[in-house]
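Please look through the sequence and the structure shown here before reading on, as the paragraphs below walk through a few places in turn.

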Amino acid sequence: MSAPADGPMWLDGRPVTPAELAALALYDFGHFTTMTVERGRVRGLRLHLNRLVDDCRTVFGADLDPDRVLAVLRAAVGSAPAIPTTTVRVTIFDPSLTVAGPVDVPPRPRVLITTRPAGAGPTTPLRLRSCTYQRDLPAVKHTGLFGAVRQRRLARAAGFDDALFITADGHILEGPTWNVGFAVDGEVRWPAGPCLSGVTRRLVSAAAEAAGLRCRSAPVPLSELTGGHGAFVTNASVGVRAVAAIDGTPLADAPLVRRLGELYAAGHGDPLDRN
């Protein structure tokens, strides 16, 4: 069974009702992961499942069965090779949750699947505006997106493509829905600090290291960026996308950034029907 890319939302393997979405809409308490299904394959499928399991313990204090998640995912999007490329969000939330008593009853996390066409978005290098901001509980990919989306909105209203989060002392962290990396002296440098370790970031690192490239995490002060640095962002929707400038400072068109994009694009993903 498969759902169209813009078809119904699925809760535990069946279409969800509006009443079941009320807690998520009103209280926005949950966590998620976003993946791209390409002809029945998902890059880093087990990493996505592991993220959901780990985050469920953090958010709900409950165990989540990854095999149940995978079964619901298969039912919602199918695994036939001919299906179109689809962006899939798997959200874990509890429809019975209330603000008045979020721990009054044992949590019962449910699996919500939403899908949309994975359209070919812009690929031109990004122009970023820095802002002092840190997501709440940054190691978890949770549904509390108000602050992050607000910073994106402010950046675009100011004429930039997106926001870049930095600490109060000027160290780069991440973006609203992506990780940022830098090409420095022939190596891949990920900013150290409180941010999400994204699945695509980990896949890019693995591909780079397999190709003999060095990757490491280290502090990246915004003040030390120069035109000699290359930069890029990563997430499941864009893969690897170059950054043209930060706060109007042009960055290098680094061959290493293009190489990372090629290495990531060469991956085939894990089949949904064999995990």
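What follows is an explanation of a surface patch, a pair of helices and two loop residues.

This is a predicted model, in which local features need pLDDT of at least 70 and side-chain atom pairs count only at pLDDT 80 or more, while totals for chains, interfaces and linings use all residues. Residues are numbered from 1 along each chain as its sequence is written, and side-chain values use heavy atoms, with hydrogens and water left out.

The helices and strands named here are DSSP runs numbered from the N terminus (helices are H or I with at least four residues, strands E with at least two). Helix H1, residues 22-27, contains Tyr27, which has a relative accessible area of 32% and is therefore partly exposed (buried means under 20%, exposed over 50%, and partly exposed in between, with a 1.4 Å probe and protein chains only).

Further along the chain, helix H2 (residues 45-60) and helix H3 (residues 66-77) have axes that come within 10 Å and cross at roughly 120°. That angle makes H2 oblique to H3, because angles under 35 degrees count as roughly parallel, over 145 as roughly antiparallel, 65 to 115 as roughly perpendicular and the rest as oblique.

Most residues other than glycine have a negative phi. Asp12, in the loop between strand E1 (10-11) and strand E2 (14-15), nevertheless has a positive phi near 50°, and its relative accessible area of 26% makes Asp12 partly exposed. Asp247, in the loop between strand E14 (239-246) and strand E15 (249-250), also has a positive phi, about 55°, and is partly exposed at 36% relative accessible area.

Conventions:
Axes are lines fitted to C-alpha atoms, for helices over the stretch in contact, and angles run from 0 to 180 degrees between N-to-C directions.
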